[in-house]
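Here is a short note for a colleague who is opening this entry without having seen it before. Please read the points with the model in view.

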Amino acid sequence: MITAALCCIYSSTLTCIDGYNRVNKSAIDNLRGEDNPDTESPLLVLLVTSGALGLVLMFPGTMLAMLKFAMIAAFLTTPVFALMNYRLIRASHIPDEHRIGKVLNIWSQAGLAFLFGFSFLFIWWQWLM
């Protein structure tokens, strides 16, 4: 049972590291206006893996602190990823038939304002108040 659990955790970790880096590499290339089909980036894999290992080593034995950090980081990075997605779908290299319409554009901007607003409110409440 332990072997199966370790295999599941290990394969999930590899999948997340690989997928996360490929998506980010593609997003960065698209934001730069590049059309690069190669989504492999060993440097990005090394940076993300080193960062993850660094986080685990920064919080030895304190799972609650690590969980709190992960939740805060996920909450605060959501608006950034939403903005990246919004900029990608509105980029000039996207064909007109695949672009969002006026109503969805306004809805997206309202969602971005909501996400950034709550992030700033959270920062103020958590650290500035």
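Which residue just after α1 takes a positive phi? Gly-33 does, with a phi of about 80 degrees. The points below concern a predicted model.

1. Helix α1 covers residues 2-31. Its 30 residues should span 44 Å at 1.5 Å a residue, and the end C-alpha atoms lie 43 Å apart, which agrees.

2. The buried residues of α1 are Ile-17, Asn-21, Asn-24, Lys-25, Ala-27 and Asp-29. Their cover includes α2, residues 42-58, and α3, residues 63-89.

3. The packing of α1 against α2 can be described in a few values. The axes of the two helices are 10 Å apart and make an angle of about 125 degrees. An angle between 115 and 145 degrees counts as oblique, so α1 and α2 are oblique to each other. Their crossing is right-handed.

4. Which residues make this contact between α1 and α2? On the α1 side they are Ile-17, Tyr-20, Asn-21, Asn-24 and Lys-25. These meet Leu-44, Val-45, Val-48 and Thr-49 of α2. Of the α1 residues in this contact, Ile-17, Asn-21, Asn-24 and Lys-25 are listed as buried.

5. Next, the charged pairs. Side chains of opposite charge can pair when their charged atoms come close. The model has three salt bridges by the rule used here.

6. One salt bridge joins Lys-25 to Asp-29, with the closest N and O atoms 2.9 Å apart. Both residues belong to α1 and stand four residues apart, about one turn of the helix. Are they buried or exposed? Lys-25 is buried, and Asp-29 is buried as well. Lys-25 also takes part in the contact with α2 described above.

7. Asp-18 and Arg-22 form another salt bridge, and here the closest N and O atoms are 2.9 Å apart. This pair also lies in α1, with four residues, or about one turn of the helix, from one partner to the other. Asp-18 has a relative accessible area of 37% and is therefore partly exposed. Arg-22, at 31%, is partly exposed too.

8. A further salt bridge links the side chains of Arg-99 and Asp-96, at 3.6 Å from N to O. Is each partner buried, partly exposed or exposed? Arg-99 has 32% relative accessibility, so this residue counts as partly exposed. Asp-96 has a relative accessible area of 64%; because the cut-off for exposed is over 50%, Asp-96 is exposed.

Note on methods: Residues are numbered from 1 along each chain as its sequence is written. This is a predicted model: local features need pLDDT of at least 70, side-chain atom pairs count only at pLDDT 80 or more; totals for chains, interfaces and linings use all residues. Side-chain values use heavy atoms; hydrogens and water are left out. A salt bridge is a side-chain nitrogen of Lys or Arg within 4 Å of a carboxyl oxygen of Asp or Glu. Buried means under 20% relative accessible area, exposed over 50%, partly exposed in between (1.4 Å probe, protein chains only). The expected span of a helix is 1.5 Å times one less than its number of residues. Contact means heavy atoms within 4.5 Å. Axes are lines fitted to C-alpha atoms, for helices over the stretch in contact, and angles run from 0 to 180 degrees between N-to-C directions. Angles under 35 degrees count as roughly parallel, over 145 as roughly antiparallel, 65 to 115 as roughly perpendicular and the rest as oblique. A crossing is left-handed if the near helix is turned anticlockwise from the far one by less than a right angle, and right-handed if clockwise.
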